[in-house]
Amino acid sequence: MASTASPYGLRAVNRVDGMPYAGATQTFLINPAGTGTNIFYGSVVLIDADGYIALSTATGADITTNNLGGNGVGAIGVFVGCTYVNAQGQTIFSQYYPSGTTGVVTAKVITDPNVVFQGQLDGSGAQTVLGNNTFFAAVQSTSTGSTQTGNSTSALESTVQTAAAAFRIVGFASTPGDAYTDVLVKFNPSAHSYLNNVGL
């Protein structure tokens, strides 16, 4: 029972066809000059205009001006950690990208648009939210996560809509009507770069 607000971004559960999610990711580079925001495990990321992975700073409330990838492009997926070499020359396997880290930083991203993710609404979601669309309740930022755990703390909007938005609610991970309902979502086509015919 989800009675406490404890959001965690997006966590992969399975594929929308019911097949297990096998843990597949793709690797992308983060700007070697460093980027000014933390990127936490479970955060949605995009390919920036410079060709590097960056944090999406839109809510996904629509698929135009608030598209997760910016202006209708779509996000590339969900960030699930990175590797980099620290000042001591050690290879670090990190749950999150620490703001300002420079050098070769390789991000792991779940890019499969058919993966179903679990997320927590910022309020109660009744059975009637199933099949509706949702989005992030607030924009992701350098502070929407924990530097202790490395995990995102982004929640999904409980006021769902039929209009186009980032995610479709396809199931429940807690009892419908819980105070902070855990739901299962997938990217809507125009919100994911691999299903969107608009390039960078």
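**Figure 1. The largest nonpolar core of this predicted model has 20 residues.** Four residues have the most contacts inside this core: Leu-10, Val-44, Phe-167 and Phe-187. Strands E5, E8, E10 and E11 each supply at least two of the core residues. E11 gives the most, with 3 residues. Elsewhere, apart from this core, lies another one of 14 residues. Val-45, Val-105, Ala-107 and Val-109 are among the members of that other core.

**Figure 2. A close-up of Leu-10 and the residues in contact with it.** Leu-10 is one of the residues with the most contacts inside the largest core. Which residues does Leu-10 touch, once its neighbours within four places in sequence are left aside? Val-44, Val-78, Leu-156 and Val-185 are on the list, including also the aromatic residues Phe-117, Phe-136 and Phe-167. Gly-42, Gln-118 and Gly-119 are in contact with Leu-10 as well. Two of these names return below: Phe-117 in the aromatic cluster, and Gln-118 in the pairing of E8 with E11.

**Figure 3. Strand E11 (residues 182-187) is largely enclosed by the rest of the structure.** Is E11 buried or exposed? Here 6 of the 6 residues are buried, so the strand counts as largely enclosed. Its side chains point in two directions: Asp-182, Leu-184 and Lys-186 go one way, while Val-183, Val-185 and Phe-187 go the other. Please note that Asp-182 and Lys-186 are buried along with the rest of the strand. Phe-187 also has a place among the residues with the most contacts in the largest core.

**Figure 4. Five strands form an open antiparallel sheet in the order E1-E8-E11-E10-E9.** The edges are strand E1 (11-15) and strand E9 (133-134), each of which pairs on one side only. Starting from the E1 edge, E1 and strand E8 (residues 115-120) are antiparallel and share 4 bridges. Within that pairing, Arg-15 stands opposite Val-115 of E8. E8 then pairs with E11 in the antiparallel sense, again over 4 bridges, and Gln-118 stands opposite Leu-184 in E11. On to the next pair: strand E10 (residues 167-172) is joined to E11 by 5 bridges, and the two run antiparallel. Gly-171 has Leu-184 as its bridge partner in E11. Leu-184 is therefore a good residue to centre this view on, as it faces both Gln-118 and Gly-171.**Figure 5. Strand E7 (105-110) pairs with both E2 and E5.** With E2, the pairing is antiparallel and spans 5 bridges. Strand E5 (residues 77-85) also runs antiparallel to E7, and 4 bridges join the two. Which residue of E7 is the bridge partner of Phe-28? That partner is Ala-107, and Ala-107 is also the bridge partner of Cys-82. Ala-107 belongs to the core of 14 residues introduced in Figure 1.

**Figure 6. Phe-40 and Tyr-96 form a stacked aromatic pair.** A search of the whole structure finds 4 aromatic pairs. In this one, the ring centres are 5.3 Å apart and the planes meet at 15°, so the pair is stacked. Phe-40 sits in the loop between strand E2 (26-30) and strand E3 (44-47), and Tyr-96 in the loop between strand E6 (91-94) and strand E7 (105-110), so the pair ties together parts that are 56 residues apart in sequence. Phe-40 is buried at 1% relative accessibility. Tyr-96 is buried too, with a relative accessible area of 15%.

**Figure 7. Other aromatic rings: a cluster of Phe residues, and a ring with an arginine over its face.** The cluster is made up of Phe-117, Phe-136, Phe-167 and Phe-187. Leu-10 is in contact with Phe-117, Phe-136 and Phe-167. In the second part of this view, Arg-11 lies over the face of Tyr-8, at 4.0 Å from the ring centre.

**Figure 8. The whole protein, with 11 strands and 0 helices.** Its radius of gyration is 16 Å, close to the 16 Å that the globule rule gives for 200 residues, so the protein is as compact as a globular protein of that length. Along the principal axes, the C-alpha atoms fill a box of roughly 50 × 35 × 30 Å. Of the 200 residues, 46% count as buried. Among contacts between residues at least 6 apart in sequence, 71% join residues at least 24 apart.

Conventions:
Residues are numbered from 1 along each chain as its sequence is written. This is a predicted model: local features need pLDDT of at least 70, side-chain atom pairs count only at pLDDT 80 or more; totals for chains, interfaces and linings use all residues. Side-chain values use heavy atoms; hydrogens and water are left out. Rings of Phe, Tyr and Trp (its six-membered ring) pair if their centres lie within 6.5 Å; planes under 30 degrees apart count as stacked, over 60 as edge-to-face and the rest as tilted. Buried means under 20% relative accessible area, exposed over 50%, partly exposed in between (1.4 Å probe, protein chains only). A charge sits over a ring if NZ of Lys or CZ of Arg is within 6 Å of the ring centre and within 35 degrees of the ring normal. Two strands pair if DSSP finds at least two bridges between them. A nonpolar core is a set of buried Ala, Val, Leu, Ile, Met, Phe, Trp, Tyr and Cys residues joined through side-chain atoms within 4.5 Å. Contact means heavy atoms within 4.5 Å. The radius of gyration is taken over C-alpha atoms; the globule rule is 2.2 Å times the number of residues to the power 0.38.
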